[in-house]
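Work through the exercises below with the sequence and the model open. Try each task before reading its solution.

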Amino acid sequence: MKIILPSDHPMLATAYSNIGAVYMNMGECSEAVSSCERSLEIMKTALSPNHPSLATAYNNIGEVLRNMGEYSKALASHQQSLEIRKVALPQNHPSLATSYNNIGMVYVNIGEYSKALLSNERALEIMRIVLSPNHTLFATVYNNIGEVYRNMNECSKALSSYERALETMKIALPLNHPDFGSTYDNIGTVYMNMEDYSKALSSYKQSLEIMSITLPSNHPALATAYNNIGLVYRNMGEYSKALSAYERSLEIMKIAFSPNHPSLAISYNNIGELYRNMGDYSNALSSHKRSLEIKKVALSPNHPSLASSYNKIGVVCDSMGAYSEALTAYERSLEIIKVTLPQNHLDLVTMYDNIGLVYANMSEYSKAVSSYERSLEIMKIALAPNHPDLVSAYDNIGSVYVNMEEYTKALSSYEKSLEIMNITLGPNHPDLATAHNNIGVVYDSMGEYSKAISAYDRSLEIMKIALPPNHPDLVTAYDNIGVLYENMGKYSEALTAYERSLEIMKIALPPAHPQFAVM
């Protein structure tokens with residue numbers, strides 16, 4: 001064709017466009033965008049500036065760029081396509097609805113949800129004028145609107161949109177059409193976000209049932225379906241069923257993908273997290289290490305996903321009491337995060353907290369304090385002065401100072417924690433009871449018994465308001481007061497506190513509970 005036709009002949013543009021579409025279907029996006037752009041260059045020479053074919057070319061380039069994650073460029077291409085269509089086509093032409101829909105999808109990708117909604121609603125307005133009410137494009141747009149609301153965490157609106165899409169599809173498509181699978185999957189995800197696990201499970205199973213009929217037995221979409229079902233079972237605490245679903249997902253991936261495909265790393269990660277929930281730390285560690293091995297091959301050396309794997313390995317090692325291994329993993333994770341994220345990113349807080357916890361477990365308290373204080377420094381920069389997350393930072397530091405018997409410093413940290421809670425929480429929030437209890441423990445250790453009893457009493461007052469009358473936490477509160485009165489030589493008050501503790505235990509705890517042995 002290149003030999004027979006002039007270099008700017010429209011048929012060459014069509015040929016390049018077709019080649020681009022094939023590359024797109026093969027997942028070779030850079031080749032696809034190159035072919036689509038060559039097609040556009042020819043069209044610009046051969047056609048008028050507002051010819052509809054130019055709009056199609058810009059639309060195609062926009063879709064490839066969106067799949068490449070080049071969202072700002074994708075948005076510019078789709079907007080250019082829309083501008084041409086506004087000039088070249090009637091005001092309610094279906095292609096305008098397509099453009100608005102595509103622009104909405106890009107806005108979802110960049111997190112501009114209000115703009116996404118406006119674009120999708122404009123698409124619907126046009127469609128309602130020119131299309132039959134059960135046209136499949138309605139299902140597409142309702143699905144897209146559902147995704148916007150899901151990302152905005154407006155679950156009821158998301159669910160309504162997805163169900164509207166489903167209604168349209170039931171009229172317009174065969175009952176086992178693959179699009180049903182993705183819509184049931186979307187509905188399942190919303191129910192997951194709503195923590196309605198039985199409905200989520202039902203939706204995910206319907207999705208799987210349709211996919212099992214319409215797709216080859218080892219199609220990657222089936223792996224995703226089994227993974228979703230595994231996640232629901234995990235959240236429901238049905239770990240054996242979750243493991244079975246995760247393992248089926250992994251089996252499919254092993255056939256569908258190359259041995260070091262990133263999706264396999266995700267699958268091993270999910271299995272590792274499940275084993276950790278089950279308390280099977282050996283298998284958890286093995287799975288997370290396999291995930292890490294794949295990521296090392298598939299990803300760049302400082303990819304954030306590697307940091308996540310090292311962190312999870314650290315968590316498992318910490319749970320196993322393998323503190324030096326946990327520390328090594330956490331420090332490697334921290335190194336990667338320092339390279340890839342801004343110096344005051346909140347992900348660094350998590351890492352410094354984890355490292356601090358390991359040092360505390362190793363009784364290396366000065367190093368633990370150092371890590372916790374670095375965490376606090378970052379939070380002070382990144383968060384508002386009275387942000388609730390600062391409470392845990394001060395509590396962590398206070399607990400280490402208690403272990404170091406540096407009670408004045410511990411008291412200072414706990415009081416700062418309490419100060420923030422008094423601003424951010426209601427006056428009788430259970431966390432305030434914990435804060436007063438911590439302060440009471442410090443005063444008790446300092447031998448300042450009157451201040452300790454005052455703190456313990458305030459803690460107990462809050463618990464009596466915030467908790468049921470026979471809540472087990474009240475046992476601890478009365479026990480603390482009893483021990484303190486005993487240390488003060490006030491034995492009748494101690495006896496009263498212990499007896500109240502015992503009364504609650506008899507109601508709240510089973511007869512064989514270990515706590516009775518301490519009485």
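The exercises that follow go from confidence to helices, loops, rings and the core.

This is a predicted model, in which local features need pLDDT of at least 70 and side-chain atom pairs count only at pLDDT 80 or more, while totals for chains, interfaces and linings use all residues. Residues are numbered from 1 along each chain as its sequence is written, and side-chain values use heavy atoms, with hydrogens and water left out.

**Exercise 1. Confidence**

Find where in the protein confidence is lowest and where it is highest.

Solution. Step one is the scale: pLDDT is the predictor's confidence in each residue, from 0 to 100. Step two is the overall level: the mean for the protein is 91, and 96% of its residues reach 70 or more. Step three is the extremes. Helix H25 (residues 515-518) has the lowest confidence, with a mean of 52, and helix H19 (residues 389-403) the highest, with 97. Where pLDDT is low, the predicted coordinates should not be read in detail.

**Exercise 2. Helix H13**

Compare the span of helix H13 with the expected value, then decide how far the helix is enclosed.

Solution. Helices (H or I, at least four residues) are DSSP runs, numbered from the N terminus. The expected span is 1.5 Å times one less than the number of residues. For the 16 residues of H13 (residues 262-277) this gives 22 Å, and the end C-alpha atoms are 23 Å apart, which agrees.

Next, apply the burial cut-offs: buried means under 20% relative accessible area, exposed over 50%, and partly exposed in between (1.4 Å probe, protein chains only). In H13, 12 of the 16 residues are buried, so the helix is largely enclosed by the rest of the structure. Among them are Leu-264, Tyr-268, Ile-271, Leu-274 and Tyr-275. Finally, look at the packing partners: the buried residues of H13 pack against helices H11 (220-235), H12 (239-256), H14 (281-298) and H15 (304-320). Just after H13, Gly-279 has a positive phi of about 80°.

**Exercise 3. Helix H23**

Repeat the span check on helix H23 and list some of its buried residues.

Solution. H23 (residues 472-487) has 16 residues and runs 23 Å from first to last C-alpha, close to the expected 22 Å. Its buried residues include Leu-474, Val-475, Tyr-478, Ile-481, Leu-484 and Tyr-485. Just after this helix, Gly-489 takes a positive phi of about 80°.

**Exercise 4. Positive phi outside glycine**

Locate Glu-195 and Glu-405: is each one buried or exposed?

Solution. Start with Glu-195. Its phi is near 60°, a positive value in a residue other than glycine. Glu-195 sits in the loop between helix H9 (178-193) and helix H10 (197-214), and its relative accessible area of 57% makes it exposed.

Then take Glu-405, whose phi is near 65°, again positive in a residue other than glycine. Glu-405 is in the loop between H19 and helix H20 (407-424). At 58% relative accessibility, it counts as exposed.

**Exercise 5. An aromatic pair**

Which residues form an aromatic pair, and how are the rings arranged?

Solution. Rings of Phe, Tyr and Trp (its six-membered ring) pair if their centres lie within 6.5 Å; planes under 30 degrees apart count as stacked, over 60 as edge-to-face and the rest as tilted. By this rule the count is 1 aromatic pair. Phe-138 and Tyr-142 form it, at 6.4 Å centre to centre and 25° between the planes, which is stacked. The two residues are 4 residues apart in helix H7 (residues 136-151), so about one helical turn separates them. Phe-138 is buried at 4% relative accessibility, and Tyr-142 is buried at 7%.

**Exercise 6. The core and Ile-229**

Identify residues with the most contacts inside the largest nonpolar core, then trace the contacts of Ile-229.

Solution. A nonpolar core is a set of buried Ala, Val, Leu, Ile, Met, Phe, Trp, Tyr and Cys residues joined through side-chain atoms within 4.5 Å. The largest has 152 residues, and those with the most contacts inside it are Leu-124, Met-127, Phe-180, Ile-229, Ile-439 and Ile-481.

Contact means heavy atoms within 4.5 Å. Not counting residues up to four places away in sequence, Ile-229 touches Leu-201, Tyr-204, Lys-205, Leu-208 and Ala-245. The buried residues of H10 include Leu-201, Tyr-204 and Leu-208. H9 and H11 are among the elements that cover the buried residues of H10.
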